[in-house]
Amino acid sequence: MEFFDLLSYSFFQNALLGSLFASIACGIIGSYVVIRRLVFISGGITHASLGGIGMGFYFGWNPILSAMIFSILSAFGIEWLSSRQGVREDSAIGSFWSLGMAVGIIYLKPGFAPNLSDYLFGNILTITKPDIIYLAVLSLVLIIVFLLFGRQILFAAFDPDFAKTRNLSVNLIKYAMMMGIAITIVLSIRLVGIVLLMSILTVPQMTANLFTSNFVKMILLSILIGFLGCLVGLFLSAVLDVPSGVFIIFTQIIVFLISRWIVKLIHKKQLIGSL
């Protein structure tokens, strides 16, 4: 089956749109996660979302909505414990990570989660139009927020004392960004699943960071790399009939390894040329 043949199918068109908007959202939030070194926090929030998914299936709620609420509360809990209660950040993350997984295991009984694999391992080929709309709105909101307040967000992230002298509410910004991370994670679960979700928030951004340290350029490049990985992953998953998340991550990691090899080769040539 050729790529252009797949474009005639509505499910594949939906998957492409979902991939585009997810790449934009994850490119923006993921760049913030990488430069702030919040990868472990993102992992904690991701796995805590399983508790919300389990409760959603058990009580008949929308599992994405319940996962979002659970993840946002977990993100706030991690920030509150680590900044206000003197608890080490890694301990706070581990607590909510374990809590979410435990709650999920309690409620995910046989018969209540018929399509649980889509949430654990991802299958963007099953994405629906409402999912696309949610991702599009999230992408638009993130673009507007970072266009209007990007400088203030970076000030609060890297120089909170200076941010306070500019009358910026550092705590409000931190909690808002934690909420943004949680929402992005939950709305992207259908892309690669809980198990692999940390990768799309970090691998494209790490690759982009090899070539630039400029935050805006890093976002744009990570969006491009993320979408490329989605395109290749979608095609291979449709042809081989396997979850799309696996090939999306494989592609992005291969791009990272090739990019790292290229950068090392360039640096080596520059070093030899300077001798």
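**View 1. Phe162 and its ring partner Phe155 in the predicted model.** In this predicted model, Phe162 is partly exposed, with a relative accessible area of 33%, which lies between the 20% below which a residue would count as buried and the 50% above which it would count as exposed. Its partner Phe155 is likewise partly exposed, at a relative accessible area of 23%. The two rings form an aromatic pair of the edge-to-face kind, with 5.1 Å from centre to centre and 80 degrees between their planes.

**View 2. Phe76 and Tyr175, an aromatic pair between two helices.** By the ring-pairing rule, seven aromatic pairs are counted in the model. One of them joins Phe76 and Tyr175, whose rings meet edge-to-face, with their centres 5.4 Å apart and their planes at 70 degrees. This pair links distant parts of the chain, since Phe76 belongs to helix H4 (residues 63–84) while Tyr175 belongs to helix H9 (residues 170–187), and the two residues are 99 residues apart. Phe76 has a relative accessibility of 27% and therefore counts as partly exposed, because this value falls between the 20% and 50% cut-offs.

**View 3. The ring cluster of Tyr58, Phe59 and Trp61.** In this close-up, three aromatic residues, Tyr58, Phe59 and Trp61, are linked into a cluster by ring pairs.

**View 4. The nonpolar surface patch and helix H13.** A nonpolar patch on the surface is formed by Phe211, Val246, Phe250, Ile254, Ile258, Trp261, Ile262, Leu265 and Ile266, which together have about 840 Å² of accessible area. Helix H13 (residues 244–274) gives the most to this patch, contributing eight residues. Trp261, one of the patch residues, lies in helix H13 and has a relative accessible area of 56%, so it counts as exposed, the cut-off being over 50%.

**View 5. The whole chain, as a setting for the close-ups.** The protein chain contains 13 helices and zero strands, and its radius of gyration of 19 Å is close to the 19 Å that the globule rule gives for 275 residues, so the chain is as compact as a globular protein of that length. Its C-alpha atoms fill a box of roughly 65 × 55 × 30 Å along the principal axes, and 48% of the 275 residues count as buried. The average pLDDT of the chain is 84, and 94% of the residues score at least 70. Confidence is highest in helix H11 (residues 203–211), at 92, and lowest in helix H1 (residues 3–6), where the mean is 66. Where pLDDT is low, predicted coordinates should not be read in detail.

Note on methods:
Residues numbered from 1 in each chain as written. Predicted model: local features only at pLDDT ≥ 70, side-chain atom pairs only at ≥ 80, totals over all residues. Heavy atoms only, no water. Phe/Tyr/Trp six-rings, centres within 6.5 Å; stacked < 30°, edge-to-face > 60°. Helix = DSSP H or I, 4+ residues; strand = E, 2+ residues; numbered from the N terminus. Buried < 20%, exposed > 50% of the residue type's maximum accessible area, 1.4 Å probe, protein only. Patch = residues over 30% accessible without salt bridge, like charges linked within 9 Å, V, L, I, M, F, W, Y side chains within 5 Å. Areas by Shrake-Rupley, 256 points an atom, 1.4 Å probe, with all protein chains shown as cover. Salt bridge = Lys/Arg side-chain N within 4 Å of Asp/Glu carboxyl O. pLDDT = per-residue confidence, 0-100. Rg over C-alpha atoms; globule rule 2.2 N^0.38 Å.
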